[in-house]
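Trainee: I should like to take a close look at a single part of this protein. Would you please guide me through it, and set it in the context of the whole chain?

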Amino acid sequence: MLQLSAVRRQEPLGWGSCLVFLAALGLAFVVSGLLLAMQGKPPASALWLLVHSAFGSGYALEDCLIKAIPIFLCSLGVGLTFRLQIWNIGAEGQFALGAVGATWAALTFPGWPWYALLPTMLICASLTGSLWGIIPAVLRLKLKTNEIIVTLMLNYVGILILEYLVYGAWKDPGSFGFPMTSEFVPAAVVARIGDTRLNWGLLLCLAIGVLMTVFLRSTRLGYELRACGENVRAARYARMPYSLLVILVMGVSGALAGWAGFLEASATLGRLQPSIMSGYGYTAIVVAWLANLNPLIIAVSSFLLAGLRVGMESLQLDLQIPAAFGAIMEGFILLAVLAGGFFSRYRLHLRRIG
């Protein structure tokens, strides 16, 4: 009788891991092509249109970078919590509360100069986003609640708070009944870089990415975070501040998602409206796992997943592909890459027993 088992590799695959990753990515595209063929769409032409629409022109690349900014910030935050094995699924709600906090500052202090108003908006977004992250952290530590359930439920609460405000107290009287705030004053809008459509939030992402890498690799707290994530019991025995770290990573994660909401409301839309909620917080979870929680690879994965969103917009317009197809592709890519990661760490062993 033959038995198939998985055996951990003694040495990593090295460059073989890259080949496994590319093979997994190719498999995801093949499956996506089969789904397109089932809908009567030409798979090769559709996938080429997706790639070309996302990366085939300077205008498309700018679109990708604009969408990559909030994805990167949210991904960096959830990746930090995942390192501690705290499963924060709440970036979407933290993003919403960050946008709400920044909008409150923009509407409350419209007469302030930009050098006072923009930092105030950033601080308010940090505080509201952090609050939405710390709530499930405290509940986990004090009441042993499951942070997956709490953060997921808080997503809906955060979105409903945003909608309550734009349909009610903050609704622009001159919006002809549409749910949105009045336009932000120029001082509340993050400026663009030169003649491009990119905003200065891109430099914020670069700075935060570098600081996060240094924090994780070169600080004692970063070491303790990684150690607690590897073995919570051993870390507690070594008297590492596990409870403090849980609150810290959830607060920082919420603040980063809040910054993403601030930039989206200020730089991209110039006001707050329900359409700001486009699923960046959920895409961030996919990006964090694709990047294996590495800040540098998170940046690359954020850009590629942003490209998928840009390309899907063209597929919807040119080939009438359903909007849900983009989410399906994201799911296939994640599953294929995670399966590929398994084969990078393990090899299959067939042996005869009996």
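Mentor: The following account begins with the whole protein, turns to one loop, and then visits some other parts of the chain.

The model is predicted, and every value below was computed from it. The protein contains 13 helices and 2 strands. Its radius of gyration is 22 Å, close to the 20 Å that the globule rule gives for 354 residues, so the protein is as compact as a globular protein of that length. Along the principal axes, the C-alpha atoms fill a box of roughly 80 × 60 × 35 Å.

Of the 354 residues, 47% count as buried. Among contacts between residues at least 6 apart in sequence, 76% join residues at least 24 apart. The exposed surface of the protein amounts to about 17,800 Å², and carbon and sulfur atoms supply 68% of it. As for charge, there are 23 positive and 15 negative side chains, and the centres of the two sets lie 17 Å apart.

The part chosen for a close look is the loop between α6 (147-167) and α7 (201-218), where Ser175 lies. Is Ser175 buried or exposed? Its relative accessible area is 5%, which is under the 20% limit, so Ser175 counts as buried. A polar atom of the side chain of Ser175 lies 2.7 Å from the backbone oxygen of Phe178.

Phe176 is found in the loop between α6 and α7 as well. With a relative accessible area of 79%, Phe176 is exposed, whereas Ser175 is buried. The backbone of Phe176 also deserves attention. Most residues other than glycine have a negative phi. Phe176 is not a glycine, yet its phi is positive, at about 55°.

Arg192 is another residue of the loop between α6 and α7. Its relative accessible area is 54%, which is over the 50% limit, so Arg192 counts as exposed. Leaving aside neighbours within four places in sequence, Arg192 is in contact with Arg197, Leu198, Asn199 and Trp200. What separates the C-alpha atoms of Arg192 and Ala267? The two residues are 75 places apart along the chain, and their C-alpha atoms are separated by 7.8 Å.

A second loop, the one between α10 (242-269) and α11 (280-290), holds Arg271. At 15% relative accessibility, Arg271 counts as buried. Which residues does Arg271 touch, not counting those up to four places away in sequence? They are Asp172, Met180, Thr181, Ser182, Glu183, Phe184 and Ala265. One of these, Thr181, offers its backbone oxygen, which the side chain of Arg271 reaches at 3.0 Å.

The helix α8 (residues 220-230) may be considered next. Its buried residues are Gly222, Glu224, Leu225, Ala227, Cys228 and Gly229. What covers these buried residues includes α3 (58-83), α7, α9 (232-237) and α10. The helices α7 and α10 have already been named as boundaries of the loops that hold Ser175 and Arg271.

Helix α1 (residues 15-38) offers a contrast between a buried and an exposed residue. Leu36 has its place in helix α1 and is buried, with a relative accessible area of 0%. Not counting residues up to four places away in sequence, Leu36 touches Lys41, Pro43, Ala46, Leu47, Ile321 and Phe325. Val30 also lies in helix α1, but at 51% relative accessibility it counts as exposed.

Separation along the chain may be set beside separation in space for these two residues of α1. Val30 and Pro43 are 13 residues apart along the chain, and their C-alpha atoms are separated by 8.9 Å. Leu36 and Leu76 are 40 residues apart along the chain, and the separation of their C-alpha atoms is 32 Å.

One further residue returns to the matter of phi. Asn292 is found in the loop between α11 and α12 (295-319). Its phi is near 55°, a positive value in a residue other than glycine. Asn292 is exposed, with a relative accessible area of 61%.

To return to the chosen loop between α6 and α7, it holds the buried Ser175, the exposed Phe176 with its positive phi, and the exposed Arg192.

Conventions. Residues are numbered from 1 along each chain as its sequence is written. This is a predicted model: local features need pLDDT of at least 70, side-chain atom pairs count only at pLDDT 80 or more; totals for chains, interfaces and linings use all residues. Side-chain values use heavy atoms; hydrogens and water are left out. Helices (H or I, at least four residues) and strands (E, at least two) are DSSP runs, numbered from the N terminus. The radius of gyration is taken over C-alpha atoms; the globule rule is 2.2 Å times the number of residues to the power 0.38. Buried means under 20% relative accessible area, exposed over 50%, partly exposed in between (1.4 Å probe, protein chains only). Contact means heavy atoms within 4.5 Å. Accessible areas come from the Shrake-Rupley method with a 1.4 Å probe; for residues, only the protein chains shown count as cover. Lys and Arg count as positive and Asp and Glu as negative; His and the chain ends are not counted. The place of a charge is taken as NZ of Lys, CZ of Arg, CG of Asp or CD of Glu. A polar contact is a pair of N or O atoms within 3.5 Å; within protein, one must be able to donate a hydrogen and the other to accept it, and residues adjacent in sequence count only if both atoms are side-chain atoms.
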